[in-house]
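Let's take a walk through this one, starting where the chains meet and then moving on to a helix and some charged pairs.

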Amino acid sequence: MNNKVWICGMGAISAIGDNATENFESLLAGNSGVGKTTFLSTIHRDSLLVCEIKKSNEELAGMAKMKPNLPRAAYLSAIASEEALTQLKQQIEEPAFENLRVGFLSGNTIGGMDLSENFYSDFLKDPSSGHLSDVVNHECGAITELVAEKLNVKNYVATLSTACSSSANAIMQGCRLIKHNKLDMVIAGGTDALCRFTLNGFNTLMIVDSEPCKPFDAHRKGLNLGEGAGYVVLVSDAIKKQLNLKPIAAVSGYANANDAFHQTASSAEGIGNFLAMEQALQMSGLAPHQIDYINAHGTGTANNDSSEGIAIERLFADHVPLVSSTKANTGHTLGACGGIEAVYCCLSLQHNTVYPSLRLTTPMNDFSFEVNTKLIQGKEIHHVMSNSFGFGGNCSSLIFSKTT
Amino acid sequence: MLAIEPDYKNLLPPIQLRRMSKVVKMGIAAAKNALLDAEISSPDIIITGTGYGCLADTEAFLQKMISQNESLLTPTSFIQSTHNTVSGQIALLLTCHGHNFTYVQRGLSFEFALQESMLWLAENEQLQVLTGGIDEMTNHTFDIISRFGSYKNENETYDTDAKGSIAGEGAHLFVISAQKTERSYAELVDLKICHTENISSALHEFLQQNSLSLEDIDYCLIGTNGDARYDSIIRQNMNPLTHSTFIDFKKWSGEYPTASSFAFALACNLCYTASIPSDGKNKDHKPKNVLIYNHYKNQSHSFILLRAL
């Protein structure tokens, strides 16, 4: 098995930017995408804040160069994955790409639910009504297929749906396929769009903050939902050498573990969180003190931030790295967050930058380390960990490293 | 065709049962049976596939959200609506902290789960992997899919020469490992997912890669689903297999995204007992190589090769 996997392209769209560069500039400026909904029609418009991409479906379709009336998640996915692939393609001649075994692996939790909601309100009144075009792409797998066709990827097209860790798992699985020499290159990440289903769902759990969320603050009240997509292009070591590619970063460790505690809540001590981080670290061969920054899952819910912080402290002990959550900027983008945050981690390595946790004023007592609240630039960043934890006890951790 | 459900009372406490949708109950029952059969208490990792996910809970929450205008909603159906609910619930029940993935890729969801399971076993021969395919059907989804013309009319059967298939559902889970035991049903030799249009040549290639000739395939479990639009094409794709006995497994399972996991169970039994339990007829010889050829809407195709021990 070949053990090196390189990242040679990245793309992201979220409420704080339409591409990776805009996202990075917003992170530097401390921008947050949180506010009232403009395009999502909901009765909670004034009471629940979200991080919405301020573009209509028509505008997104135009940006994605796709036909109208497709699910919003497909547009977001196409925009970010195309950006990532373009970055790769700029380094090589087109025929070289044609000969590669390329895969598209996307994480996704709600598929085309945004359109299915419209269908359903008609369908419930009369089972023969509702536009079938609104449900034809309902399945998560349909979103991935639509975008794969756009990217002209055929060898391997798959969707992982493990709630909020979906896209982290897609990246992990992309690495596994490359290591087993099943594929040369994988565009991996995820997408999710805002819809009433998830907004109302999280609201019933009483974990949505009615104000801008403040991850890791002692007085945090919950999360703000967001939307977006993020992808990286994973490349095998052989192809990197053959095509003389200039990687952005390397994937040096990853692991998925299950908390096996509760369908939606994390165990108080963060069993799954700890195992995922520990096993990712083991795979990387790095010592805890070598991790410079953890981009935490840090949703802003009482439960997550406490379990995650406790698990971090238990694993890293006296060597807790800089820790922050960028969900105060982007909101919790569910199936997309692992992909978007993978891009943020690559940018952190590239620009030696650690992002602040916004709106954190009162530190938590659950653990003794301090979550980073300042923008740090100029400190050499060698290794970055990214956490994603989801429903079903699904916990994932990825480690990205500098290429030299 | 609805799944024949076991008496769950022997498997789960009544309080838990009341909250669980059919897909979760079916998945847990199948997982428990598979573990019991393999004589292990818990797998190391869990990898499942589901095309539709948790339809009943998704629809229940959606329906209430719309009819109650986003007000006075309760979380139970929402929290059970995520696609990885079944794998998560199995992990919870078994306190299994290992790797836990769920693939949701329409008619290839089970195949992707199985493919990843095989990668894990190639990495670590000591692992016990719980894998399989799980899908449920609901009245609403049946009505919606019917409007696309995908299902036959009520008075038509699998054998009726008409467009459309018969809707199905089911949960089939398996313990697979790199170690042959007395409990082993069959050897999982290889799996291939095809996006090519030339399926016959993909078949040749697949067999060649496994050093087999066409004559070596004793049985072909074929995914003809009774839909007159596709069945002749699907049969034609397997024309080169002139020596094989063909078994139309969807006659029994109906059509659903992870129906190939039903065929996988059938193939395991065929390899082990030389019989197809669903029709009771004992075949005269123990098969050597069994091929599962499935398709979904003639858009995605897959081969799974099993060998008798």
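Contact here means heavy atoms within 4.5 Å. Keep in mind that this is a predicted model. On that footing, the contact draws on 65 residues of chain A and 52 residues of chain B. Between them the two chains bury about 5,000 Å², with 63% of that on carbon and sulfur atoms. On the chain A side, Tyr120(A), Phe197(A) and Gln263(A) give up the most area to chain B, together 14% of what that side buries.

There's polar business across the interface too. Chain A and chain B share 27 residue pairs in polar contact. The chain A elements that each give two or more residues to this side include helix H5 (113–125), helix H7 (166–179) and strand S9 (249–258). Sorted by type, the chain A side splits into 29 nonpolar, 28 polar and eight charged residues. Four salt bridges cross between chain A and chain B, and Glu116(B) with Arg176(A) makes a salt bridge across the two chains.

Now for a helix inside chain A. Helix H2 (residues 57–64) has Leu60(A), Ala61(A) and Ala64(A) as its buried residues. Those residues span an arc of only 105° around the axis, so they sit on the same side of H2(A). Glu58(A) and Gly62(A), on the other side of H2(A), are exposed. Among the elements covering the buried residues of H2(A) are strand S1 (5–14), helix H3 (72–89) and H6 of chain A. Right after H2(A) comes Lys65(A), with a positive phi near 55°.

Back to charges: side chains of opposite charge can pair when their charged atoms come close. Over all chains, the count of salt bridges comes to 25. Here are a few, with the distance between the closest N and O atoms:

| Pair | N to O distance |
|---|---|
| Glu116(B) and Arg176(A) | 3.5 Å |
| Glu82(A) and Lys150(A) | 2.8 Å |
| Asp7(B) and Lys9(B) | 3.7 Å |
| Arg229(B) and Asp227(B) | 2.8 Å |

What does the salt bridge of Glu82(A) and Lys150(A) tie together? Glu82(A) lies in helix H3 of chain A and Lys150(A) in helix H6 of chain A, so the pair links parts that are 68 residues apart in sequence. Glu82(A) is partly exposed at 31% relative accessible area, and Lys150(A) is partly exposed at 29%.

In chain B, Arg229(B) is partly exposed at 37%, while Asp227(B) is buried at 2%. Asp7(B) is partly exposed at 43%, and Lys9(B) is exposed at 63%. Finally, Lys36(A), Arg45(A) and Asp46(A) are joined in a network of salt bridges.

Key: Residues are numbered from 1 along each chain as its sequence is written. Chains are lettered from A and ligands numbered from 1 in the order in which they are written. This is a predicted model: local features need pLDDT of at least 70, side-chain atom pairs count only at pLDDT 80 or more; totals for chains, interfaces and linings use all residues. Side-chain values use heavy atoms; hydrogens and water are left out. Buried area is the accessible area (1.4 Å probe) that two parts lose on being put together, summed over both. A salt bridge is a side-chain nitrogen of Lys or Arg within 4 Å of a carboxyl oxygen of Asp or Glu. A polar contact is a pair of N or O atoms within 3.5 Å; within protein, one must be able to donate a hydrogen and the other to accept it, and residues adjacent in sequence count only if both atoms are side-chain atoms. Helices (H or I, at least four residues) and strands (E, at least two) are DSSP runs, numbered from the N terminus. Ala, Val, Leu, Ile, Met, Phe, Trp, Tyr, Cys and Pro count as nonpolar, Asp, Glu, Lys and Arg as charged, and the others, Gly among them, as polar. Buried means under 20% relative accessible area, exposed over 50%, partly exposed in between (1.4 Å probe, protein chains only). The arc is that of the directions from the helix axis to the C-beta atoms.
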